[in-house]
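Today I am going through the strands and how they pair up. Here is the structure I had open while writing these notes.

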Amino acid sequence: MKTLRVGFVALVAAVTGVFVAPAPSMADGDYYDACSASWVSCQTGTRVYSTAGYCETIVAEYGSTRICVDYDGDYVYVYDGAGDQNSAMGYISNNIGDVLDRHCRNPYGAGTWARCNFDWAEAGPKDVSAGIRFSSTSWRYGYLWTFSNY
């Protein structure tokens, strides 16, 4: 009976481990060292095939990354415009609220779009940048525009 109980406990632990997922910041944020900070939100985007919102493309020096921001839905879309094996990145920063930096990563390769769903404070300006990730400590972002929806 003792062996059965140990086996049952091991089975319960294994099944529980399958259903308990890490917190989104840990699951998505392992691509950037700063993602563990409480004021930073990092997401790996969901692959999508269409976009919404206002869009701009950053120059080739920053991976020809295209970013779109849907102000009403707090969505960020990131397009990977370079076949360089680096992830395209979108970055939204602001100075109001608990989360000040939001990083959206597109790991799906050249010619693909990814969408991240952020929840930011409506008040205050937000800066939009785009670029590429070289490693967990090396990035290159370029500023594109500022928006505010009071």
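Before reading the sheets, I fixed my term: two strands count as paired if DSSP finds at least two bridges between them. I also kept in mind that this is a predicted model.

Entry one, an open sheet. I looked up the strand order and found five strands running 2-8-5-4-3, with antiparallel pairing. Next I asked myself why one side of strand 2 and of strand 3 is left without a neighbour in the sheet. Strand 2 (46-48) and strand 3 (54-57) are at the edges and have a single partner strand each, so each keeps one side without a neighbour. I noted the twist too: from one strand to the next, it averages 25 degrees.

Entry two, a pair inside that sheet. I checked strand 5 (residues 75-79) against strand 8 (residues 113-117) and found them antiparallel, joined by five bridges. For a handy landmark, I picked Tyr77, whose bridge partner in strand 8 is Arg115.

Entry three, another open sheet. Here I read five strands in the order 1-7-6-9-10, and the pairing is mixed. Which strands are at the edges? I found strand 1 (40-44) and strand 10 (138-148) there, each pairing on one side only. Ignoring direction, neighbouring strands of this sheet are turned against each other by 20 degrees on average.

Entry four, the pair that includes an edge strand. How many bridges link strand 9 and strand 10? I noted ten between strand 9 (residues 125-135) and strand 10, in the antiparallel sense. My landmark here is Val128, which has Trp145 of strand 10 as its bridge partner.

Definitions and conventions:
Residues numbered from 1 in each chain as written. Predicted model: local features only at pLDDT ≥ 70, side-chain atom pairs only at ≥ 80, totals over all residues. Heavy atoms only, no water. Helix = DSSP H or I, 4+ residues; strand = E, 2+ residues; numbered from the N terminus. Axes fitted to C-alpha atoms, helices over the stretch in contact; angles between N-to-C directions.
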